[in-house]
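Visitor: I'd like to go through this one with you. Can we have it on screen first?

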Amino acid sequence: MIQSIYKGIEIELEMHQQTEGYWKCDYMLITRPDRNVTLVKGVVQFPTLKMAKEYALEDARAVIDNAEALRLSVHAAGLAPAFGFH
């Protein structure tokens with residue numbers, strides 16, 4: 001599990017290698033102090049672990065940015081995933 005913080009929201013990545021050698025990456029958005037957690041399951045497969053991690057981080061940041069722009073919680077229904085091609 002890899003952790004990052006963006007605009008005060010924790011992003012935890014969980015990588016999964018698929019049977020054909022491809023990678024998917026789930027992520028959790030965690031807000032404090034109450035530790036609300038939203039899990040977003042990775043759908044897109046990538047040929048490398050690095051690509052899967054980069055995609056998940058970009059998607060998580062986009063969800064956070066969208067929530068901020070709409071003045072919603074990152075845990076609001078329908079915000080994740082942010083990219084339309086999931």
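Guide: One definition before we start: two strands are said to pair if DSSP finds at least two bridges between them. With that in hand, S3 and S4 form a hairpin with four residues between them, and they run antiparallel, joined by five bridges. Please keep in mind throughout that this is a predicted model.

Visitor: Which residue in the turn of that S3 and S4 hairpin has a positive phi?

Guide: That is Arg-35, whose phi is about 55°. For a pair of partners in this hairpin, take Thr-31, which has Asn-36 of S4 as its bridge partner.

Visitor: OK, stepping back, in what order do the strands of the sheet come?

Guide: The order is S1-S2-S3-S4, so to speak read straight across, in an open sheet of four strands with antiparallel pairing. At its edges are S1, residues 2–6, and S4, residues 36–40, each of which pairs on one side only. Ignoring direction, neighbouring strands in this sheet are turned against each other by 25° on average.

Visitor: And how many bridges join S2 to S3?

Guide: Eight bridges join them, with S2 covering residues 9–17 and S3 covering residues 23–31, again in antiparallel fashion. Within that pairing, Ile-11 has Leu-29 of S3 opposite. On the other side of S2, five bridges make the antiparallel connection with S1, and there Gln-3 stands opposite Glu-12.

Visitor: How many residues lie between S1 and S2 in their hairpin?

Guide: Two residues lie between them, and Lys-7 in that turn has a positive phi of about 50°.

Visitor: Switching to the helix: which strands does H1 lie across?

Guide: H1, which takes in residues 49–70, lies across S1, S2 and S3, and runs at about 35° to S3. The buried residues of the helix pack against those strands, S1, S2 and S3; among them are Ala-52, Tyr-55, Leu-57, Val-63 and Ile-64, as well as the acidic Asp-59.

Visitor: What should the 22 residues of H1 span, at 1.5 Å a residue?

Guide: They should span 32 Å, and since the C-alpha atoms at the two ends of H1 are 32 Å apart, the model agrees with that expectation. Just after the helix comes Arg-71, which has a positive phi near 55°.

Visitor: Back to Lys-7 for a moment. Which residues are linked with Lys-7 in a network of salt bridges?

Guide: Asp-65 and Glu-68 are the residues linked with Lys-7 in that network. The side chains of Asp-65 and Lys-7 meet at 2.8 Å, N to O. Asp-65 belongs to helix H1 whereas Lys-7 sits in the loop between S1 and S2, so this pair ties together parts of the chain that are 58 residues apart in sequence. Between Glu-68 and Lys-7, the closest N and O atoms are also 2.8 Å apart, and that pair likewise links distant parts, with Glu-68 in H1 and Lys-7 in the S1–S2 loop, 61 residues apart.

Visitor: Is Asp-65 buried, exposed or partly exposed, and what is its relative accessible area?

Guide: Asp-65 is partly exposed, at 27% relative accessible area, and Lys-7 is partly exposed too, at 45%.

Visitor: How many salt bridges does a search of the whole structure find?

Guide: The search finds five. One of them is between Glu-54 and Lys-50, with closest N and O atoms 4.0 Å apart; both residues lie in helix H1, four residues apart, which is about one turn of the helix. Glu-54 is partly exposed, with a relative accessible area of 39%, while Lys-50 is exposed, with 56%.

Visitor: New topic, then: where is the place of Glu-12?

Guide: Glu-12 is in strand S2, and although Glu-12 is buried, this residue has no salt bridge.

Visitor: Which side chain of opposite charge is nearest to Glu-12?

Guide: That is Arg-35, 4.6 Å away, the residue we met with a positive phi in the turn between S3 and S4. The cut-off matters here, because a salt bridge calls for a side-chain nitrogen of Lys or Arg within 4 Å of a carboxyl oxygen of Asp or Glu.

Visitor: And what is Glu-12 in contact with, leaving aside its neighbours within four places in sequence?

Guide: The contacts of Glu-12 are then Met-1, Ile-2, Gln-3, Asp-26, Tyr-27, Met-28 and Ile-30.

Conventions. Residues are numbered from 1 along each chain as its sequence is written. This is a predicted model: local features need pLDDT of at least 70, side-chain atom pairs count only at pLDDT 80 or more; totals for chains, interfaces and linings use all residues. Side-chain values use heavy atoms; hydrogens and water are left out. Axes are lines fitted to C-alpha atoms, for helices over the stretch in contact, and angles run from 0 to 180 degrees between N-to-C directions. Contact means heavy atoms within 4.5 Å. The expected span of a helix is 1.5 Å times one less than its number of residues. Buried means under 20% relative accessible area, exposed over 50%, partly exposed in between (1.4 Å probe, protein chains only).
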